Amino acid sequence: MGNPEVPEGSQVPWKKFLAIGCAVIFIGGLCFMGCIGAGFYGVMSVIKGSTPYKMATELVKESPIVEQAIGEVTGFGFMPTGKVNVSGSSGHADLSISVNGKNGSGTLYYIATKREDKWKTTSAVLKVDGGKRIVLVGN
């Protein structure tokens with residue numbers, strides 16, 4: 001008794017398995033990166049939607065000192081860094097926000113505290129690219 005012969009064409013070539021495996025890994029990687037990107041975008045949206053972020057950007061837009069240093073504010077960076085912590089009626093925010101103006105740019109370092117449900121700016125300093133430091137609030 002010998003080995004039964006396998007009809008031709010019934011064997012699945014190893015190249016087909018390799019291609020399917022690579023496709024599964026590629027699609028899995030895309031899904032993973034999509035989840036990471038969505039999470040990152042969500043965090044940035046939360047920060048940009050926060051009251052301290054809005055207070056900080058309004059402070060910069062309305063400041064004649066900032067306009068004198070970098071020109072009219074044209075926008076803010078895509079990715080603010082820092083944190084906003086809220087616990088009931090109190091909280092703390094510590095943000096760094098890129099600021100773009102017609103004649104220059106810089107980074108706003110902004111700190112605010114929340115007490116009795118009201119946010120108050122504690123410190124706001126714009127560090128203009130090139131070294132100039134502009135204190136908007138605090139010291």
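**Entry 1: a nonpolar patch**

I began with the term that this entry needs: a patch is made of residues with over 30% relative accessible area and no salt bridge, and nonpolar side chains are joined within 5 Å. The model I examined is a predicted one. I looked up which residues make a nonpolar surface patch, and I found F26, I27 and L30. The area of this patch is about 330 Å². I then placed F26, which belongs to helix α1, residues 14–48. F26 has a relative accessible area of 54% and is therefore exposed, because exposed means over 50%.

**Entry 2: the overall plan**

I next recorded how the protein is built. It has three helices and six strands. I followed their order along the sequence and wrote down the pattern α-α-α-β-β-β-β-β-β. I also looked up how much of the protein is buried. Of its 139 residues, 26% are buried.

**Entry 3: helix α2**

I turned to helix α2, which covers residues 51–62 and has twelve residues. From its first C-alpha to its last it reaches 16 Å, close to the 16 Å expected at 1.5 Å a residue.

Which residues of α2 are buried? I listed P52, Y53, A56, T57 and V60. These residues lie on the same side of α2, because they cover an arc of only 130° around the axis.

I then examined the start of this helix. S50 caps the N-terminal end of α2. In this cap, a side-chain oxygen of S50 lies 3.3 Å from the backbone nitrogen of Y53. I noted that Y53 is also among the buried residues of α2.

**Entry 4: a salt bridge within α2**

I looked up how many salt bridges the structure holds, and the number is three. I took the pair in α2 to begin with. K61 and E58 form a salt bridge, with their closest N and O atoms 3.5 Å apart. Both residues lie in helix α2 and are three residues apart, about one turn of the helix. I checked the accessibility of each partner. K61 is partly exposed at 46% relative accessibility, and E58 is partly exposed at 36%.

**Entry 5: a salt bridge between two loops**

I moved to the pair E72 and K102. Their salt bridge has its closest N and O atoms 3.5 Å apart. E72 lies in the loop between α3 (64–70) and β1 (73–76), and K102 lies in the loop between β3 (90–101) and β4 (105–115), so the pair ties together parts that are 30 residues apart in sequence. For E72 I noted a relative accessibility of 44%, which counts as partly exposed. K102 has a relative accessible area of 58% and is exposed.

**Entry 6: K114, D117 and the loop after β4**

I then studied the salt bridge between D117 and K114, whose closest N and O atoms are 3.3 Å apart. The side chains of K114 and D117 are also joined by a polar contact of 3.3 Å.

Are K114 and D117 buried or exposed? K114, in strand β4, has a relative accessibility of 11% and counts as buried, because buried means under 20%. D117 counts as exposed at 53%. I located D117 in the loop between β4 and β5.

I looked up the backbone angles in this loop as well. Most residues other than glycine have a negative phi. D117 has a positive phi of about 70° although it is not a glycine. I found a positive phi at E116 too, near 50°, and E116 is likewise a residue other than glycine. E116 lies in the loop between β4 and β5 (118–128). With a relative accessible area of 74%, E116 is exposed.

**Entry 7: V84 and A112**

My last search concerned V84, which I placed in strand β2, residues 81–87. V84 is partly exposed, with a relative accessible area of 28%. I then looked up where its C-alpha atom stands in relation to that of A112. The two residues are 28 residues apart along the chain, and their C-alpha atoms are separated by 9.1 Å.

Conventions:
Residues are numbered from 1 along each chain as its sequence is written. This is a predicted model: local features need pLDDT of at least 70, side-chain atom pairs count only at pLDDT 80 or more; totals for chains, interfaces and linings use all residues. Side-chain values use heavy atoms; hydrogens and water are left out. Patches are made of residues with over 30% relative accessible area and no salt bridge: like charges are joined within 9 Å, nonpolar side chains (Val, Leu, Ile, Met, Phe, Trp, Tyr) within 5 Å. Accessible areas come from the Shrake-Rupley method with a 1.4 Å probe; for residues, only the protein chains shown count as cover. A salt bridge is a side-chain nitrogen of Lys or Arg within 4 Å of a carboxyl oxygen of Asp or Glu. Helices (H or I, at least four residues) and strands (E, at least two) are DSSP runs, numbered from the N terminus. Buried means under 20% relative accessible area, exposed over 50%, partly exposed in between (1.4 Å probe, protein chains only). The expected span of a helix is 1.5 Å times one less than its number of residues. The arc is that of the directions from the helix axis to the C-beta atoms. A polar contact is a pair of N or O atoms within 3.5 Å; within protein, one must be able to donate a hydrogen and the other to accept it, and residues adjacent in sequence count only if both atoms are side-chain atoms.
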